[in-house]
Amino acid sequence: VRVALGWLNNQLPAAPLAADYASLTPYSWGPGALSPNDLTVLRTQAAGPGSVTELLRDFADGADLPAAPALRLRAFFDSPQAMAKAQQLAGVLNMAEVAGGAPLSRASRHQLLAAAIKASVAVDVPGAPGVVAGYEIYHPSNLGRTINQVREEIETHLIDHKAVSASAAPLVAHLMLAQAAPEFLIKPTPSVSTLAPQALMLQPGQVTIGSTAWLNLRLGTAMAEKLGGAGSSRALTITQALDLSRLDATGPAQAELIKSLGAQPLLDWAVMAGIFPKSSDGRYSPGDYLAATQAFTDRENRTREAFNTLTSEPPTQTSLLVQQLAKLFPELTEDEIRNFKLELDTDVPFDPRQHGHLQTRQPYLTEVILTQQAEKDPLVAFGDWVSRLFGDEKKYKFIHPKISQETFNERIKNLPPITPLVAPAVDQYIADTRSAQATVIRLMIANAPLEVRRAFEVGKLEFFTLREE
């Protein structure tokens, strides 16, 4: 029921009219898609006066345009000049929809103009997933960089190498990313409170390529594209995409689907991380997938262990005592032991006016034990104070529904002195903390952008120690 409710609470939005701008240029050709000859025709129509390229450049240079690239593209596709150009191109391609002079539908117009724009900047339309006009998004050099940084470089690539104008580059990049890397177009979550958890405040553009958040973002995006239709992920916020990636499967078939959708992002990460080289045909063996899975799992485990160590409290007498008591009393959790109180063994009713200044009638078990141990000479048998505390001269009662006083008295005799355990525990904590810090540093370097990794490799490193004055 919980799993089903999770899916019901994560309804996918409808795909936008233009979908992923690739209905005519899918990666796998099918009926209705443009042929290689059609794309060649579009490419010849892409330059010169009145071309789609020129119309888009002039439109992008205009004023009072929407800020969002998707809205600007839609406005361009619906402009009179673009409508006339699309009708002309449809006639040149002999599209059945315009036979007899019939007007091109709005959806078909958007797709045809998108295909024409792609053909103007890329020779190998539709290209391959993760590639925009020859720019490889999931290249090792992009590991550790943010989505915003990579998108800016894509736009620069279009300007410098594909003769796209600076004003039109964001629109062309948006159009091509919708098919090549739709996770780049996920929206930020609107109106997130400043008091919200950090994960909810994460902006899509700040997600680091190669990070766990990036893998989850790609999985959520792929799930939306598969289940909601091409382009539906463009309507998702980052919170919705990450929520999708965390949903449990409702059955074996869905589990297999999720696994298959997550395979490519994992393989891309493995190539960027140097687990194995990129294949020439984009195909990988089951052994490659297993190697990627193992490497990623190892990284996550190291990260989790280091985080747990660095966020853990250093050992104290109380924490060590609680651990020892947990071994003697498995019926109690550590939290229960930490908060367990004894009862003062007395027949005198409590009078706050007369007894309020005296010792507490319900001291914590840990405090009583540590106090008693501190008062004893270490050479004196440990059982003496146990007998005095809970035997003939007992002052407090141990009351628990599952553990009798007699059982408690018998087990507590096996409790070792706590003070001698502190120094070794602190030494181990320091050693574990240093190891965790080293793990974090290694992971930071491994996941850093290429220029940072090269700086570590060939640059001069200086180490400084900070001391509190």
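These are my notebook entries on a predicted model, covering its helix packing, salt bridges, burial and backbone geometry.

**Entry 1. Overall make-up**

I began with the whole chain. It has 469 residues, and 40% of them are buried. I found 21 helices and 4 strands in the chain. I then looked at contacts between residues with a separation of 6 or more. Residues 24 or more positions apart account for 69% of these.

**Entry 2. α3 against α4**

I looked up how helix α3 (residues 52–60) sits on helix α4 (residues 69–77). Their axes are 11 Å apart, and the packing angle is about 120°. The two helices are therefore oblique to each other. The crossing of α3 past α4 is right-handed.

Which residues make this contact? From α3 I noted Val52, Leu55, Leu56 and Phe59; from α4, Arg72, Ala75 and Phe76. By class, that contact holds 6 nonpolar residues, 1 charged and no polar.

**Entry 3. α4 against α6**

I followed α4 to its contact with helix α6 (residues 106–121). Here the axes come within 10 Å and cross at roughly 105°. Angles of 65 to 115 degrees count as roughly perpendicular, so α4 is roughly perpendicular to α6. On the α4 side the contact uses Arg74, Phe76 and Phe77. On the α6 side I listed Arg106, Arg109, His110, Leu113, Ala114 and Ile117. The classes come to 5 nonpolar, 1 polar and 3 charged.

I also noted that Phe76 appears in the α3 contact and again in the α6 contact.

**Entry 4. Salt bridges**

I counted salt bridges next. How many are there? The count comes to 14 salt bridges. I inspected three of them.

In α3, the side chains of glutamate 54 and arginine 57 meet in a salt bridge, at 3.7 Å from N to O. These two residues are 3 apart in the helix, about one helical turn. Residues three or four places apart in an α-helix point the same way, because the helix has 3.6 residues a turn. Glutamate 54 is partly exposed, at 23% relative accessible area. Arginine 57 is also partly exposed, at 35%.

In helix α7 (residues 147–162), I checked glutamate 155 and arginine 151. They lie 4 residues apart, again about one turn. Their closest N and O atoms are 3.7 Å apart, and they form a salt bridge. Are these partners buried or exposed? Both glutamate 155 and arginine 151 are buried.

In helix α15 (residues 334–338), arginine 338 and aspartate 335 are 3 residues apart, about one helical turn. Their salt bridge has its closest N and O atoms 2.7 Å apart. Arginine 338 is partly exposed, with 32% relative accessible area. I then looked for shared partners. Glu54, Arg57 and Asp58 are joined into one network by such salt bridges.

**Entry 5. Threonine 366**

Threonine 366 lies in helix α17 (residues 365–375). Its relative accessibility is 5%, and buried means under 20%, so threonine 366 counts as buried. What does threonine 366 contact beyond its neighbours within four places in sequence? I listed Thr318, Leu321, Val322, Leu325, Ile337 and Arg338. Arg338 is one of the salt-bridge partners from the previous entry.

**Entry 6. Helix α11**

I checked burial along helix α11 (residues 238–245). Of its 8 residues, 6 are buried, so the helix is largely enclosed by the rest of the structure. The buried ones are Ile238, Thr239, Ala241, Leu242, Leu244 and Ser245.

**Entry 7. Backbone oddities**

I looked for a cis peptide bond. The bond from valine 125 to proline 126 is cis, with omega near 10°. Proline 126 lies in the loop between α6 and β1 (131–132).

I then turned to positive phi values outside glycine. Aspartate 64 has one, at about 60°. Where is aspartate 64? It lies in the loop between α3 and α4, the helix pair of Entry 2. At 81% relative accessibility, aspartate 64 counts as exposed.

Alanine 163 also has a positive phi, near 60°. I placed alanine 163 in the loop between α7 and α8 (169–180). Alanine 163 counts as exposed, at 67% relative accessibility.

Note on methods:
Residues numbered from 1 in each chain as written. Predicted model: local features only at pLDDT ≥ 70, side-chain atom pairs only at ≥ 80, totals over all residues. Heavy atoms only, no water. Axes fitted to C-alpha atoms, helices over the stretch in contact; angles between N-to-C directions. Parallel < 35°, antiparallel > 145°, perpendicular 65-115°, else oblique. Left-handed = near helix turned anticlockwise from the far one by under 90°. Contact = heavy atoms within 4.5 Å. Nonpolar A, V, L, I, M, F, W, Y, C, P; charged D, E, K, R; others polar. Salt bridge = Lys/Arg side-chain N within 4 Å of Asp/Glu carboxyl O. Buried < 20%, exposed > 50% of the residue type's maximum accessible area, 1.4 Å probe, protein only.
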